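This briefing introduces the fold of one protein to a reader who is new to structural description. Please look over the sequence and the structure before reading the points below.

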Amino acid sequence: MATKDKDRTPVAQILVTQCTKCKLPLTHMVVLHNSEGIVERVQCRTCGSEHKYYPDKKKTARKPAKKTRAASKNRKPDAASVFEKLAGKLEDKKAVSYTMQGSYQPDDVINHKTFGKGFVTEVSYQKMEVAFADASRMLVCDR
Ligand SMILES: [Zn+2]
């Protein structure tokens, strides 16, 4: 392993490195050296947390996250735009709490414990389709 000069910063001295908690390059105090006199543990002067010293790397790991976020965005605009349209159309309607026993009709506004506000788009025998902000879901009713 190649070692850089700054890895040998003396104990109790300050160096700048990525804080694992703050997720920012911040000043850290050297806490411990390993047997070769290389910095091993540092303490963040901002949050006070002590962690291993990682000589500046770890930046490549972030790129894939952006891709998955974009991909999930592409899957959702449908549900979101349906929800928004209905929200505009039904904004004066009062939401009722959803229960399996309740009976509903299209354009009813419901409040679901888990999924939040939703708009009934279709009702068939003992089930209905409800548009929530993130997706459309089938719920039971009239039970
Ligand atoms: Zn920190």
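The points below move from the overall fold to the two sheets, the nonpolar core and two individual residues.

The structure is a predicted model. The protein contains two helices and nine strands. Its 143 residues include a buried share of 15%.

**Overall fold**

- Read from the N terminus, the elements follow the order β-β-β-β-α-α-β-β-β-β-β.
- Of the contacts between residues at least 6 apart in sequence, 29% link residues that are at least 24 apart.
- As general background, the strands of a sheet pair through backbone hydrogen bonds, in either a parallel or an antiparallel sense.

**The four-stranded sheet**

- An open sheet is built from four strands in the order β1-β2-β3-β4, and its pairing is antiparallel.
- Its edge strands are β1 (14-18) and β4 (50-52), each of which pairs on one side only.
- From one strand to the next, the twist in this sheet averages 50 degrees.
- Strands β1 and β2 run antiparallel and are joined by five bridges; within this pair, L15 lies opposite H28 of β2.
- The hairpin of β1 and β2 has six residues between the strands, and K23 there adopts a positive phi near 60 degrees.
- Strand β2 (residues 25-33) also pairs with β3 in the antiparallel sense, over five bridges.
- Two of the bridge partners in β3 can be named: H28 is matched with C44, and H33 is matched with V39.
- H28 thus appears in both pairings, opposite L15 and as bridge partner of C44.
- Five residues separate β2 and β3 in their hairpin, where G37 in the turn has a positive phi of about 80 degrees.

**The five-stranded sheet**

- A further open sheet consists of five strands in the order β5-β6-β7-β8-β9, with mixed pairing.
- The edges of this sheet are β5 (96-97) and β9 (136-140), and each pairs on one side only.
- Strands β7 and β8 are antiparallel and share six bridges.
- Within that pair, E122 has E129 in β8 as its bridge partner.

**The largest nonpolar core**

- Eleven residues form the largest nonpolar core: F83, L86, Y98, I110, F119, V120, M128, V130, A131, F132 and C141.
- Two or more residues of this core come from each of α2 (77-89), β7 (116-124) and β8 (127-132).
- The greatest contribution is that of β8, which supplies four residues.
- C141, one of the core residues, touches M100, G102, S103, Y104, Q126, K127 and M128, leaving aside residues up to four places away in sequence.
- M128 therefore belongs to the same core as C141, since both are listed among its eleven residues, and M128 is also among the contacts of C141.

**A closer look at E40**

- E40 is located in strand β3, which spans residues 39-44.
- Is E40 buried or partly exposed? E40 is partly exposed, because 15 other C-beta atoms lie within 10 Å, whereas a buried residue needs 20 or more and an exposed residue has 12 or fewer.
- Residues up to four places away in sequence aside, E40 touches L32, H33, N34, K52 and Y53.
- Among these contacts of E40 is H33, the residue whose bridge partner in β3 is V39.
- The C-alpha atoms of E40 and V11 are 9.9 Å apart, although the two residues are separated by 29 residues along the chain.

Notes:
Residues are numbered from 1 along each chain as its sequence is written. This is a predicted model: local features need pLDDT of at least 70, side-chain atom pairs count only at pLDDT 80 or more; totals for chains, interfaces and linings use all residues. Two residues are in contact if their C-beta atoms, placed from the backbone, lie within 7 Å. Two strands pair if DSSP finds at least two bridges between them. Axes are lines fitted to C-alpha atoms, for helices over the stretch in contact, and angles run from 0 to 180 degrees between N-to-C directions. A nonpolar core is a set of buried Ala, Val, Leu, Ile, Met, Phe, Trp, Tyr and Cys residues joined through C-beta atoms within 7 Å.
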